[in-house]
Amino acid sequence: MILLVPKWAYNYDEFWITIRRRNLWFIKLRYVAAVTLILFLIISQYLLNLEFDHVQVQAISIIALSLFTYNITIHIVRPKVSINPDKFNAMHLSLIQMVLDLTALLLLVYYTGTIDSPIYVFFIFHMVIGSLILPGVLIYTICGIVIVMYSLFIFLQQVDIFRSHYIAGLYDQIPQHNLNYVIMFVLMFAAMMIVTVILANRIASNLLKREGELRETLDKIQEIETAKQKYIMGVVHEIKTPIAAVKSLIDLIVQKFIGPVSAEVEEKLLRAKGRCEEALDLINDVLRISRLKLLQSTEKQRVFLIDLINQAILERQEAFNAKNIEVEVIDYREKKKPVFGDKDLLYLAISNLISNEAKYVNENGHVKIEISEHKELVCIKIIDDGIGIPWKDIDKVFEQFYRASNIKKQKTEGSGLGLSIVKEIIDHHDGEIKVESPSPIGNAESPGTLFIIHIPFMKEDTEKTETVTLLDGL
Amino acid sequence: MALIVIIDDDPDIIEVSTLVLKSKGYDIATANNPEDGFEIVNKLKPQLIILDVMMDEPDDGFFLAQKFRRNKIDIPILMYTSVSKAIGFEYGAGEMVPVDDFVEKPISPEQLVEKVENLLKKEKKRSK
């Protein structure tokens, strides 16, 4: 198998997406070419008074038909062609298309007059496209072959071995060329072809070089970001270890593994334990964010959001019961379509929001969760009559480490990282999250908060997921 | 009563675990680095190993677990970790790491006892 693929492109999805997209584009263009050819045959006879003889009509029709036939074949084969550099791949398909097209064009040029054919300029067009998609050596070879073949046809026509099929109606009299004209024509044609390939090829390789540099820079940025996040995780981890040990020791005492403890000491220890938990929550939040940033790609699967919501509520049930908060889930949807996303991340987002409800809704409060569908989106509303968010803070709640002014006074535990994680996850799923306060069920005393989340039902068969599959055997 | 070996480089965690498990009547031996841990397990042949994920290196607990398995030590391993599913890390027990269960730090005494009891029960059934 000829290796057409540059080494750097082996694992570079963008390269393959481009090649496959170009193949599809050529296929569409070829349908247009086939139809145009037939139209040219029919219309030009009436509009331009061109006359085609019997052989020309037959030949051009057959060429158009073959164009159509092999195009359909390529169209069907295209989605099945691999992107594995070591096997028959999308690049080879491009080469085959190029060879077939040039053959068809050469025949078409022959049946429309060879040296007198106005269609020969399409060779130039093919050289430009070839330079953009094929490796340099290959397109120079193809260019050479085309020059030789066309010159050969012209020569054979000149010495009357090939019949001249010039289009009657384009000329007032039968065109006659002396040898000088023919030599000049062939030289000019060859020069034009070669210059075109050199220019187009240089532009293409410059583009590739730029793209390579850009890619390298992006990789470097990604590397730095990864290193940074790993460093943060490492440091945070070091902080977590002693705090975790302290909490474990306190637990040991509070649960009387060592012996009886006086009520007063126990109360202080429980408070110390509470503060440890607060610190651990903060640490876990930082670790969560670092992990999110470390994730370059996530595993996507069908996710039923209602299940995640119910699970998250169940997990906080104790906290809700303790404050006698009424939690109600209403599903307005007819079809319960899943979204396509990372289940763990989505759960993290929903669980963070529900955990906020348990923290910031007062005793005997209400939480209402509504799920509905709007066209391509699933919409989740989380409505409460809790402490709400002051108007001046509402734009900042999704920022890292931001805690609204009213909750700082309340001394409720929290790091101010929760909502920024939620937003990051929703963004990651091409969704949107908005917050409003007061909420529809709030009152003067506790205005309440309304979170609105929109997540699109992602289509699984988009161009991206179709083409970006792991390369076999790599 | 079953013998449990605890391998962790944090003396406080060793102390907490030892006190909790001793109060339930288990015999405990401890080591504070992977090398001593491997030696003690080989010598004492315990019924359960409790192993910290991170000691000198961020993953030497994993390597030690693999070393036990390579040396045909098939008794259950309970791994202490400070990262967990809660922050999005999921170690499938037995899949990537040859351990039987995880306990997330900070260690909750009840959870520790429960997991230890479960693993020992399973081990008893298996060895019958």
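**Figure 1. The pairing of β1 and β2 in chain B.** In this predicted model, Ile6(B) stands opposite Thr30(B), a residue of β2(B). Strand β1 (residues 3-7) of chain B is joined to β2(B) by 5 bridges in the parallel sense. Strands are DSSP runs of E of at least two residues, helices are DSSP runs of H or I of at least four residues, and both are numbered from the N terminus; two strands pair if DSSP finds at least two bridges between them. Local features are described only at pLDDT of at least 70 and side-chain atom pairs only at pLDDT 80 or more, whereas totals for chains, interfaces and linings use all residues. Residues are numbered from 1 along each chain as its sequence is written, and chains are lettered from A and ligands numbered from 1 in the order in which they are written.

**Figure 2. The open sheet of chain B and the helices that pack on it.** The sheet has 5 strands in the order β2-β1-β3-β4-β5 (chain B), with parallel pairing. β2 (27-31) and β5 (101-104) of chain B are at the edges and have a single partner strand each, so one side of each lacks a neighbour in the sheet. From one strand to the next, the twist averages 20 degrees. Helix α1(B) lies across β1, β2, β3 (48-52) and β4 (77-81) of chain B and runs at about 170 degrees to β2(B). Helix α4 (residues 109-127) of chain B also packs on the sheet, where it touches β1, β3, β4 and β5 of chain B, and its direction makes about 170 degrees with that of β5(B). Axes are lines fitted to C-alpha atoms, for helices over the stretch in contact, and angles run from 0 to 180 degrees between N-to-C directions.

**Figure 3. The contact between chains A and B.** Chain A brings 20 residues to the contact and chain B brings 17 residues; two residues are in contact if their C-beta atoms, placed from the backbone, lie within 7 Å. On the side of chain B that touches chain A, helix α1 (residues 11-23) of chain B gives the most, with 6 residues. That side of chain B comprises 10 nonpolar, 4 polar and 3 charged residues. Here Ala, Val, Leu, Ile, Met, Phe, Trp, Tyr, Cys and Pro count as nonpolar, Asp, Glu, Lys and Arg as charged, and the others, Gly among them, as polar.

**Figure 4. The largest nonpolar core.** This core has 45 residues, and those with the most contacts inside it are Leu305(A), Leu308(A), Leu346(A), Ala349(A), Ile350(A), Val422(A) and Ile425(A). Among the elements that supply at least two residues each are α7 (263-294), α8 (305-322) and β7 (450-456) of chain A. The most is given by α9(A), with 10 residues. A nonpolar core is a set of buried Ala, Val, Leu, Ile, Met, Phe, Trp, Tyr and Cys residues joined through C-beta atoms within 7 Å. A residue is buried if 20 or more other C-beta atoms lie within 10 Å of its own, exposed if 12 or fewer, and partly exposed in between, with C-beta atoms placed from the backbone. Leaving aside residues up to four places away in sequence, Ile350(A) touches Leu308(A), Ile309(A) and Ala312(A). A second, separate core has 39 residues, including Leu249(A), Cys276(A), Leu48(B) and Tyr80(B).

**Figure 5. Helices α3 and α4 of chain A.** The end C-alpha atoms of helix α3 (residues 90-111) of chain A are 32 Å apart, in agreement with the 32 Å that its 22 residues should span at 1.5 Å a residue. The expected span is 1.5 Å times one less than the number of residues in the helix. Buried residues of α3(A) include Met91(A), Leu102(A) and Tyr110(A), and the buried residues of this helix pack against α1 (13-47), α2 (54-77), α4 (122-133) and α5 (136-158) of chain A. Just after α3(A), Gly113(A) has a positive phi of about 120 degrees. In α4(A), the buried residues include Phe123(A), Met127(A) and Ile133(A); among the elements covering the buried residues of α4(A) are α1, α3, α5 and α6 (179-254) of chain A.

**Figure 6. Strand β4 of chain A and its partners.** β4(A) pairs with strand β2 (residues 326-331) of chain A in the parallel sense over 6 bridges, and Glu370(A) in β4(A) is the bridge partner of Ile330(A). β4(A) and β5(A) run antiparallel and are joined by 8 bridges; Glu373(A) stands opposite Val378(A) in β5(A). The two strands β4(A) and β5(A) form a hairpin with 2 residues between them, and Lys375(A) in the turn has a positive phi of about 50 degrees.
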